[in-house]
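Here's a short tour for anyone meeting this structure for the first time. Take a look, and then we'll walk through a few spots together.

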Amino acid sequence: MVVAGRQKSVAFFIALGIGLISVIILLYVGWVLLNWRTGILLFLGVILLTMIIGGIVLNTIFLVREIRLNAQHDAFINAVTHELKTPIASIRLYLETLQTRAVDETKRREFYRIMLEDCERLLATIEQVLRTGRIGASARKRNLTEIDFAGVVEKSVERVRALHRVPAESLEYRPGPPVRMVGDPEEVQAAVSNLLDNAVKYSGKDVHVKVETERVNGRYVALRVTDRGPGIPKRELKRIFKRFYRVPGTLALRVKGTGLGLYIVGSVAKRHGGRAWAESEGPGHGSTFVLQLPIVK
Amino acid sequence: MSRILVVEDEQHLAEGLRFNLEAERHDVQVVDTGEAALELLQPDAAPFDVVILDVMLPGMDGFAVMSEMRRAGQFVPTLMLTARGHPEDVLRGFEAGADDYLTKPFELAILIARIRGLLRRRDWLRASVNHAAAPRESSDTFIFGDKSVHFDRLELRVRDQTFPLTLMEANVLRYLIAHEDKTVSRKALLEDVWGLHEDTDTRAIDNFIVRLRRYIEEDPTRPRHLRTVRGVGYRFVASPAEA
């Protein structure tokens with residue numbers, strides 16, 4: 001319902017832009033036909049006309065972009081609402097159960113474990129949102145130190161294995177040469193974790209994720225995370241790094257998320273003088289995410 | 001002992017619900033997609049007494065599942081459960097055919113009470129159906145013209161045709177009949193039937209009315225019983241003067 005309304009307003013603004021431009025051109029052609037003898041006026045007119053048309057085009061592009069961003073923002077609010085309320089609903093349900101019913105010892109322990117997992121999930125969502133806010137505030141001073149990159153990756157691999165309960169052979173890690181880099185350890189850790197988390201999350205039930213680090217040209221270290229998940233259409237490869245963006249379709253419904261993870265990865269890479277990108281042969285062929293960061297020699 | 005189907009893809013919630021409903025001595029089955037739920041709700045499968053349906057499901061969402069169930073003639077009492085608490089969402093759920101709606105996070109006691117309410121309604125329904133083996137009009141029936149509304153059975157009979165009603169449709173009809181010949185505003189309907197107090201888009205009500213008209217009006221485009229009062233709401237007229 002809402003989406004249809006947005007598409008309508010996008011179409012309206014584009015039509016308005018095109019309409020205005022054609023009116024201007026029509027008026028101008030008429031004006032030229034009347035005044036073609038006065039050369040200097042004609043020259044000024046051409047410049048003025050170009051400026052006006054340029055303005056309208058810019059304005060239309062800007063409006064359409066805003067409308068799209070707004071739609072993504074709404075989807076984001078929906079996703080975050082879900083991501084915040086679901087674990088709270090679960091924790092509350094288990095607490096009320098423990099409060100009102102007789103629960104035997106083994107069940108009780110299981111309930112505690114479930115509640116702790118829900119707390120973790122809640123915390124992860126909150127961290128993600130807060131981190132996005134911090135990255136957005138560019139003036140923030142960063143805590144730059146020397147980082148053992150391989151160590152960070154190893155820690156993240158272990159954390160993700162424990163979190164999603166995947167065995168070591170499903171989330172395979174091949175350590176590369178030890179490398180050191182300068183950066184904000186918290187941010188780098190978050191970026192690496194997000195990539196690993198995504199790879200496992202989007203793999204579904206059958207997880208085969210390969211994690212490798214390698215040196216590139218002696219100046220960079222690249223972390224390659226390869227999964228055999230659903231893959232990504234070519235035209236989405238860049239967009240998925242945008243804030244709030246999620247690939248439209250049923251997949252985004254199936255895999256829950258806020259649309260912030262890859263944005264954080266991309267921003268962290270950029271802030272450290274590196275870059276992040278995705279490679280995929282298309283839907284059904286899995287995908288590889290690469291995080292490339294400069295190292296200290 | 002009642003059979004309850006829980007359609008929920010969040011495993012933690014589903015297991016928590018299962019534990020509690022089993023503690024209430026119900027027979028619980030959990031599925032994590034709408035498609036699986038529809039499979040289990042086929043007419044030839046063992047019937048369920050209550051369905052608890054989540055909205056944010058992978059694939060087909062809860063609203064679609066709800067509509068599909070009702071379209072296929074599956075009228076099992078259904079409670080929708082969701083994180084989306086906007087009045088628009090609540091109304092959309094009822095419009096799709098839900099009998100009750102609860103937003104996450106919910107209170108366990110309230111959820112249990114509502115499920116009991118749905119089961120009780122179902123038991124009454126069964127009792128009255130058994131009772132009606134001998135064709136006797138029960139007290140909870142309203143007759144107008146050649147049509148009759150059987151609130152206890154959630155049915156609307158027009159001559160020899162019978163239409164099943166959802167609880168909400170029955171409630172809307174009951175409310176309008178209780179205010180026979182008086183104009184009822186959309187806002188009053190929202191507040192008294194749905195219990196919603198916020199400024200809500202009231203158009204969802206119009207969809208209910210459209211559906212009810214399809215049952216009871218000879219010509220739904222020129223309603224005689226369920227009249228629109230422009231800019232205000234609706235008026236129910238039991239015996240319209242012949243025009």
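Where in chain B does B:D181 lie? You'll find B:D181 in the loop between α6 (167-178) and β10 (183-185) of chain B. Keep in mind that this is a predicted model.

**Two residues with positive phi**

B:D181 has a phi near 65°, which is a positive value in a residue other than glycine. Chain A offers another case: phi of A:N217 is near 55°, again positive in a residue that isn't glycine. A:N217 sits in the loop between β4 (209-216) and β5 (220-227) of chain A.

Buried or exposed: what is B:D181? B:D181 has 9 C-beta neighbours inside 10 Å, so it counts as exposed. A:N217 is exposed because just 6 other C-beta atoms lie within 10 Å of its own, and the cut-off for exposed is 12 or fewer.

**A cis peptide bond in chain B**

Staying with chain B, the peptide bond from B:K104 to B:P105 is cis, and its omega is near -5°. B:P105 belongs to the loop between β5 (100-103) and α5 (108-131) of chain B.

**Over to chain A**

How many helices and strands are there in chain A? Chain A has seven helices and seven strands. Going from the N terminus, the order is α-α-α-β-α-β-β-α-β-β-α-α-β-β. Chain A has 297 residues, and 28% of them count as buried. As for contacts in chain A between residues at least 6 apart in sequence, 73% of these join residues at least 24 apart.

**A closer look at A:H285**

A:H285 is in the loop between β6 (275-280) and β7 (287-294) of chain A. Why does A:H285 count as exposed? A:H285 has 12 other C-beta atoms within 10 Å, and 12 or fewer means exposed, so A:H285 falls in that class.

Which residues does A:H285 touch, leaving out those up to four places away in sequence? They are A:G231 and A:S280. There's also A:I232: A:H285 and A:I232 are 53 residues apart in sequence, yet their C-alpha atoms are 8.1 Å apart in space.

**The exposed loop residues at a glance**

| Residue | Loop | Other C-beta atoms within 10 Å |
|---|---|---|
| A:H285 | between β6 (275-280) and β7 (287-294) of chain A | 12 C-beta atoms |
| A:N217 | between β4 (209-216) and β5 (220-227) of chain A | 6 C-beta atoms |
| B:D181 | between α6 (167-178) and β10 (183-185) of chain B | 9 C-beta atoms |

How values were computed:
Residues are numbered from 1 along each chain as its sequence is written. Chains are lettered from A and ligands numbered from 1 in the order in which they are written. This is a predicted model: local features need pLDDT of at least 70, side-chain atom pairs count only at pLDDT 80 or more; totals for chains, interfaces and linings use all residues. Helices (H or I, at least four residues) and strands (E, at least two) are DSSP runs, numbered from the N terminus. A residue is buried if 20 or more other C-beta atoms lie within 10 Å of its own, exposed if 12 or fewer, and partly exposed in between; C-beta atoms are placed from the backbone. Two residues are in contact if their C-beta atoms, placed from the backbone, lie within 7 Å.
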